[in-house]
Every structure is written in C-alpha cells, then in structure tokens.
Amino acid sequence: MPLPDSVLDLIGHTPMLELKHLDSGVCRLFLKLENQNPAGSIKDRVALSMIEQAERQGSLAPGGTIIEATAGNTGLGLALVAAQKGYRLILVVPDKMSREKIFHLRALGAKVRLTRSDVGKGHPDYYQDYARRLAQETPGALYIDQFNNPANPLAHYQGTAPELWRQMERDIDAIVVGVGSGGTLGGLRRFFNEVSPKTEFILADPAGSILADVVEHGTLSEAGSWLVEGIGEDFVPPLSQVEQLNQAFRVTDGEAFAAARTLLHKEGILAGSSTGTLLTAALRYCRAQRTPKRVVTFACDSGNKYLSKMFNDDWLRQQGLLARPATGDLRDFIA
Ligand code: PMP
C-alpha cells in the first residue's frame, strides 16, 4: 500500500486473526480487528462514509456543522473525521455517559451538549429529538442520523464485507454480529446475499435487548437493561435487516466481560465489551457444530475505554459480577 495521505487513509483495511487458544470445537474462529481503526472502533468507517456521502450530495459545505446524537464510538469517529476535514461537530450526549468518553470527544474538538438520560423518545430533552431540533435551529447544520443514514450500512457493504471476504479466501460459513444501529449487519448481509447467500448470520444479543426475541419469535418484548456498550436495542433499527438473521444467542454481561478478559489473556487482544458478547455467541455457535466450519466475528472497539469498568475487579465486584480475585479465567465470573 502507498504511504497514507492522512490518518483517514488508515480507516479500514483491518487485520484478521485466527483465535487458536480458545476452544472453538470443530470450527476455526477468526476475529476481524476493528479495534485497530484510528479512533478505536468499527464506527470510524461509518463516520467517514456518512461525511463523504454528505459532501458528494452537497448537504455539507466546507466549514459546515455536523450534529449527531451519540456518546459512543460513532461520536469518536465523527470527531476524528470532522477535525481532519475542518467541520464543526456538535454531539448531543445523554448525561449518564462516562466522563472519559466526554473528555475524549472534547479533546478531539467536538462540542458536547449534555442532556437528560431519564427521558424517552418524543420528550424534547431525549438526545435524538434534541439533536434533530438543534440541527433545524442551526443554520446550515446537518443532522447525520446514523440510524437512518444509508451511508452507514454502505460503509460495510463497500469496505468491511469485501475485505473480510478476501481475507477469508472466499470461504465463510458463518458471521457473528451484534446490532446497535444495524449498519454492520445490514451492509454485510447485502454483500453476502450477492456473493455467498449460504453464509449464515448469527446475532449476538445482550440479555435484556429485544432483538433475539424478534429473530426467534418475530415478537417485540419489553426491554430490560444491560451493561455491555454499543449493541442491543429496545426497538428494531430500520437499517438492520434482523429478519435475515439465521439464529440468535442471548449473552449476559458476566459472560461478555469474562470472554473479553479471556480474549486479552489468551490471545492478547484488548477489545471492548461488545466484543465479549460476540465472542461468547461465536464460541457457543462453534461448539454446537458437528462439521468443521469457518466462522468470523469482530473486535468492534478497543478495550482501553473499559479499563475502569470490565477490566477492573472492583467495578465488577460492585456490579455483583465477581466472586473472588480474577485471573481472567471464566470460572471467576458469575455469568
Ligand atoms: N460494538 C460497539 C462497541 C459499537 O459502538 C457499535 C455501534 N453502536 C456496535 C458494536 C454495533 O454496530 P452497528 O451500529 O453497526 O450495529
């Protein structure tokens, strides 16, 4: 590859690692390292794709203002891309989000507007309603809206999917994904419907999210709560194509955190909590197979923003998820 022009050229093209130190039964399990994107997550791809689509469509003029409702990885990706391209970025962030995330966003130059976490859709202070209103009131501003923006799944259709298809030498039996906005699933499913419709898609869903029920029974249940960040929903994201999933696994917070810690100990990959959910589901799927399969899942984001949470024994103990001093062994956790 030629030398990059800027850090934006380092988004995507992430490596694939075969996990050889975990028990994946008769299957071979591969992890695509999206934690190696420059702002630390798979959402860097989406941030770049949505901003460049808006530039092409003329909805974002030079020096313009981008508005989004998120405190998560989309915000970090947007902040990186906006800083490089000279856009102003205002993020509307629910006030329960960790101070580290807010400091990180501000360090990247984003303006952060905090709003209430205790109100739902339709309330004027709900973070998405607030962001939409702010965009209407701010001259020339663009509400980038990852939940309804087709450039979100497009980033995975054009980038993530063909990359992993090549890396796996065009032979993949199953892909294990989580759903937040649904962009990853929507984009990958579209690509694999074209090149390899037999590739199965498996949902890794935090226990408490409604999506596993939708896959298994087609019904909407009442959402609970979970500590894993970035995946699981209390509604069906319009871009997600969940109806095309083959199977779903529900994963508790305890199982997810244990798996993420085991991944670090055994394979040396420092990944986030959603990766723990995906890995748990992928291992369960693998161990249930009777014939060898090639299975892919993702390290969605880097684990450094969870050092004070799931990698911290005191925090786990406060959550009631650690019985005794941790060695990173699955047996230490109350799953
Ligand atoms: N993992 C993490 C850590 C995330 O932040 C996200 C995005 N919310 C996802 C997984 C899921 O990605 P998507 O929005 O494409 O469904």
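A crossing of two helices is called left-handed if the near helix is turned anticlockwise from the far one by less than a right angle, and right-handed if clockwise. With that term in hand, the helices of this predicted model make a good place to begin. Helix 1 passes helix 5 in a right-handed crossing. On the helix 1 side, the contact is made by R45, V46, S49, M50 and Q53, and on the helix 5 side by A151, N152, L154, A155, H156, G159 and T160. Sorted by class, this contact of helix 1 with helix 5 holds five nonpolar, six polar and one charged residues. Helix 1 covers residues 43–57 and helix 5 covers residues 151–167; their axes come within 8 Å and cross at roughly 115°. Helix 1 and helix 5 are therefore roughly perpendicular to each other, since angles of 65 to 115 degrees count as such.

Helix 1 also meets helix 2. The axes of helix 1 and helix 2 (residues 73–85) come within 8 Å, with a crossing angle of roughly 50°. This angle makes helix 1 oblique to helix 2. Here, too, helix 1 passes its partner, helix 2, in a right-handed crossing. From helix 1, the residues K43, D44, V46, A47, L48 and I51 take part, and they meet N73, T74, G77, L78, L80, V81 and K85 of helix 2. The contact of helix 1 with helix 2 divides into seven nonpolar, three polar and three charged residues. V46 of helix 1 is thus named in the contact with helix 5 and again in the contact with helix 2.

Helix 5, in turn, has helix 6 as a partner. The axes of helix 5 and helix 6 come within 7 Å and cross at roughly 55°. Helix 5 is therefore oblique to helix 6. The crossing of this pair, helix 5 and helix 6, is right-handed. Helix 5 contributes N152, P153, L154, A155, H156, Y157, T160, A161, P162 and W165, while helix 6 contributes G183, T184, G186, G187, L188, R190, F191, F192 and V195. By class, the contact of helix 5 with helix 6 has 11 nonpolar, seven polar and one charged residues.

Attention now turns to the sheets. Strands of a sheet pair through backbone hydrogen bonds, either parallel or antiparallel. One open sheet is formed by six strands in the order 1-2-10-7-8-9, and its pairing is mixed. Strand 1 (16–18) and strand 9 (247–251) stand at the edges with a single partner strand each, so one side of each is left without a neighbour in the sheet. On average, neighbouring strands of this six-stranded sheet are turned by 25° against each other, direction ignored. Helix 6 (residues 183–195) packs on this sheet, where it touches strand 7 (174–177) and strand 8; the direction of helix 6 makes about 165° with that of strand 7.

The pairings can be followed from one edge to the other. Strand 1 and strand 2 (residues 28–33) run antiparallel and are joined by three bridges, with L17 standing opposite L31 in strand 2. Strand 2 and strand 10 (residues 294–299) run parallel and are joined by six bridges. In this pairing, L31 stands opposite T297 of strand 10. L31 therefore has a partner on the strand 1 side, L17, and one on the strand 10 side, T297. Towards the other edge, strand 8 (residues 200–206) pairs with strand 9 in the parallel sense over five bridges, and the bridge partner of A204 in strand 9 is F249.

A further open sheet has four strands in the order 5-4-3-6, with parallel pairing. Its edges are strand 5 (111–115) and strand 6 (141–143), each with a single partner strand, so one side of each is left without a neighbour in the sheet. Neighbouring strands of this four-stranded sheet are turned by 20° against each other on average, direction ignored. Strand 4 (residues 88–94) and strand 5 pair in the parallel sense over five bridges, and P94 stands opposite T115 in strand 5. Helix 2 packs on this sheet and touches strand 3 (65–69) and strand 4, its direction making about 170° with that of strand 3.

Finally, there is the ligand. It is surrounded by 18 residues, of which the closest are G180, S181, T184, G230 and C300. By class, this shell has three nonpolar, 12 polar and three charged residues. One of the closest residues, T184, is also among the helix 6 residues that meet helix 5.

Methods
Residues are numbered from 1 along each chain as its sequence is written. This is a predicted model: local features need pLDDT of at least 70, side-chain atom pairs count only at pLDDT 80 or more; totals for chains, interfaces and linings use all residues. A residue is near a molecule or strand if its C-beta atom, placed from the backbone, lies within 6 Å of it. Ala, Val, Leu, Ile, Met, Phe, Trp, Tyr, Cys and Pro count as nonpolar, Asp, Glu, Lys and Arg as charged, and the others, Gly among them, as polar. Axes are lines fitted to C-alpha atoms, for helices over the stretch in contact, and angles run from 0 to 180 degrees between N-to-C directions. Helices (H or I, at least four residues) and strands (E, at least two) are DSSP runs, numbered from the N terminus. Angles under 35 degrees count as roughly parallel, over 145 as roughly antiparallel, 65 to 115 as roughly perpendicular and the rest as oblique. Two residues are in contact if their C-beta atoms, placed from the backbone, lie within 7 Å. Two strands pair if DSSP finds at least two bridges between them.
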